[in-house]
Amino acid sequence: MKTAVYPGSFDPCTNGHLDIIKRASALFDKVVVAVLINDKKSPLFTLEERVSMIEEATKEFPNVEVCSFSGLLATFMKENGYKIIIKGLRAVSDYEYEFQMALTNRALFDEIETVFIPCSAEFMFLSSSIVKEVAKYNGELHGLVTPEIESAVKRRFGH
Ligand code: PNS
């Protein structure tokens with residue numbers, strides 16, 4: 001059984017993330033969305049909120065499950081017997097950092113392969129930071145996140 005791990009902060013999960021999850025779920029037997037518990041960042045949403053938002057947004061995909069991890073991704077992969085990391089690429093500028101991460105992860109656990117999936121053209125510009133920036137100034141979030149996540153983000157910014 002081929003299981004792929006899609007790691008990220010998902011603060012919040014965007015339609016760009018969902019595009020990658022959907023396409024990965026068609027390529028692999030199982031996709032584990034791994035939400036980073038990052039003590040250094042102060043996220044807009046708690047870990048539990050981020051996990052539950054992704055669970056809701058991916059409920060139509062039976063082979064997608066959501067979990068969390070802390071520390072090194074490579075350690076999480078090794079401890080759980082996972083070997084494939086999925087990363088979405090938006091632009092060439094993403095590639096340099098992602099290439100470095102892919103090589104670091106393989107240096108830490110030599111059985112890891114990173115599979116890059118190019119994002120759909122309509123999501124080239126999209127990121128969690130963009131969603132938060134637009135939401136902060138009460139801009140239109142339609143098409144950027146699911147309606148449920150849109151409500152949650154707006155509520156968080158008091159709109
Ligand atoms: O959504 P993000 O914040 O771009 O996701 C980044 C993430 C979580 C994939 C990356 O920061 C990560 O893997 N963090 C765990 C720590 C780690 O293993 N770093 C790479 C080796 S130094």
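The questions and answers below look at the ligand's surroundings and at a salt bridge in this predicted model. Residues are numbered from 1 along each chain as its sequence is written, and side-chain values use heavy atoms, with hydrogens and water left out. Because the model is predicted, local features need pLDDT of at least 70 and side-chain atom pairs count only at pLDDT 80 or more, while totals for chains, interfaces and linings use all residues.

Me: How do the residues of the shell around the ligand divide into nonpolar, polar and charged?
Reply: The residues around the ligand, each with a heavy atom within 4 Å of it, include Pro7, Phe69, Lys41 and Lys87. Pro counts as nonpolar and Lys as charged, while Gly is counted among the polar residues. The shell divides into six nonpolar, four polar and two charged.

Me: Which residue has a side-chain N or O atom 2.6 Å from an oxygen atom of the ligand?
Reply: A polar contact here is a pair of N or O atoms within 3.5 Å. Leucine 73 places a backbone N or O atom 2.8 Å from a ligand oxygen. The side-chain atom at 2.6 Å from an oxygen of the ligand belongs to serine 9.

Me: Which residue forms a salt bridge with aspartate 19?
Reply: A salt bridge needs a side-chain nitrogen of Lys or Arg within 4 Å of a carboxyl oxygen of Asp or Glu, and the count by this rule is nine. The partner lies four residues away in helix H1 (residues 15-27), and is therefore separated from aspartate 19 by about one helical turn. With the closest N and O atoms 3.1 Å apart, the partner is arginine 23.

Conventions
A polar contact is a pair of N or O atoms within 3.5 Å; within protein, one must be able to donate a hydrogen and the other to accept it, and residues adjacent in sequence count only if both atoms are side-chain atoms. Helices (H or I, at least four residues) and strands (E, at least two) are DSSP runs, numbered from the N terminus.
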